[in-house]
Amino acid sequence: MVREIIIYPDKRLKEISKEVHSFGEDICQLLDDMYDTMIAKNGVGLAAIQVGAPLRALIINVPIEETKGAAEQPRENTLEIINPVVLSKSGSTFYQEGCLSVPGIYEDVERFEYVKIAYFDRFGNQHTMEDDAFLAIAIQHEMDHLDGKVFVEKFSYIKRKKFEKEWKKRLAAL
Ligand code: CO
């Protein structure tokens with residue numbers, strides 16, 4: 001089921017999400033709904049707080065390029081990451097990010113180039129994962145949401161001022 005996405009600067013996006021302690025039907029339903037919502041909005045990642053659930057859960061689905069040219073995001077390719085903890089991080093890179101809570105805004109922000117995380121899946125099994133490419137960026141972006149941070153906070157002072165001005169205008173026009 002597609003849920004409503006919370007749009008910046010809604011205060012709920014500032015909430016620190018809580019750890020998931022029970023791996024039952026509720027978390028499965030939430031993750032399934034998050035996938036439906038992310039796909040409906042053409043996203044590649046989503047944190048639970050973005051649909052109003054203050055839980056440390058996020059999903060990422062890196063599109064695969066099909067031969068016909070259309071990007072596909074099959075449900076089974078979805079990475080479901082619960083209670084993630086960074087084990088190590090290094091390097092630095094800039095990547096143009098976007099966010100379903102700040103639709104239409106794309107901006108380069110700085111991230112670690114490499115991250116290794118430990119996390120749980122929906123069944124409560126623990127895993128580790130590491131990446132030094134797109135997935136590493138996406139993990140950091142979504143993990144920020146769990147700590148109440150949105151990527152616009154990483155903009156330079158000038159870019160942030162410009163963004164806030166434009167964003168106010170856009171929200172007023174809705
Ligand atoms: Co986001």
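This is a short tour of the structure, stop by stop, with residues to select in your viewer. Bear in mind that the model is predicted.

**Stop 1: the cobalt site**

Select the cobalt ion. Which residues coordinate it? The donors are Cys99 through SG, His141 through NE2 and His145 through NE2. Their distances to the cobalt ion run from 2.0 to 2.2 Å. Along the chain, these donors follow the spacing C-x41-H-x3-H.

Now show helix H2, residues 134–146. His141 and His145 both sit in H2, 4 residues apart, so about one helical turn separates them. Are these two histidines buried or exposed? His141 has a relative accessible area of 5%, which makes it buried. His145 is buried as well, at 0%.

**Stop 2: strands S5, S8 and S9**

Select strand S8, residues 114–120. Add strand S5, residues 79–90. The two pair in the antiparallel sense, over 6 bridges. For one of these contacts, pick Ser90 and its bridge partner in S8, Tyr114.

Next, add strand S9, residues 126–131. S9 is antiparallel to S8, and 6 bridges join them. Pick Tyr119 here: its bridge partner in S9 is His127. S8 and S9 form a hairpin, with 5 residues between the strands. Click on Gly124 in the turn; its phi is positive, about 90°.

While side chains are on display, keep one general point in mind. In a regular strand, side chains alternate between the two faces of the sheet.

**Stop 3: the aromatic cluster**

The structure has 6 aromatic pairs. Select Phe155 and Phe163, which form an edge-to-face pair. Their ring centres are 5.7 Å apart, and the planes meet at 80°. Phe155 is buried at 8% relative accessible area. Phe163 is buried too, at 4%.

Now widen the selection. Which residues do ring pairs link into a cluster with Phe155 and Phe163? Add Tyr8, Phe151 and Trp167.

**Stop 4: salt bridges across the chain**

There are 12 salt bridges in the structure. Start with Arg56 and Asp147, whose closest N and O atoms are 2.8 Å apart. This pair links distant parts of the chain, 91 residues apart. Arg56 is in the loop between strand S1 (45–47) and strand S2 (57–60). Asp147 is in the loop between H2 and helix H3 (157–173). Arg56 is buried, with a relative accessible area of 13%. Asp147, at 31%, is partly exposed.

Move on to Glu107 and Lys159. Their side chains meet in a salt bridge of 3.2 Å, N to O. Glu107 belongs to strand S7 (residues 107–111) and Lys159 to helix H3, so the pair ties together parts 52 residues apart in sequence. Both count as partly exposed: Glu107 at 23%, Lys159 at 34%.

**Stop 5: a salt bridge within H3**

Stay on helix H3 and select Lys162 and Glu166. They form a salt bridge, with the closest N and O atoms 3.7 Å apart. How many residues separate them along the helix? They are 4 residues apart, about one turn. Lys162 is exposed, at 54% relative accessibility. Glu166 is partly exposed, at 38%.

**Stop 6: a salt-bridge network**

Finish with a group selection: Asp32, Asp36, Arg75, Glu80 and Arg122. A network of salt bridges links these five residues.

Notes:
Residues numbered from 1 in each chain as written. Predicted model: local features only at pLDDT ≥ 70, side-chain atom pairs only at ≥ 80, totals over all residues. Heavy atoms only, no water. Pairing = 2+ DSSP bridges. Donors = N, O, S within 2.8 Å, 3.2 Å for Na, K, Ca; no water. Buried < 20%, exposed > 50% of the residue type's maximum accessible area, 1.4 Å probe, protein only. Phe/Tyr/Trp six-rings, centres within 6.5 Å; stacked < 30°, edge-to-face > 60°. Salt bridge = Lys/Arg side-chain N within 4 Å of Asp/Glu carboxyl O.
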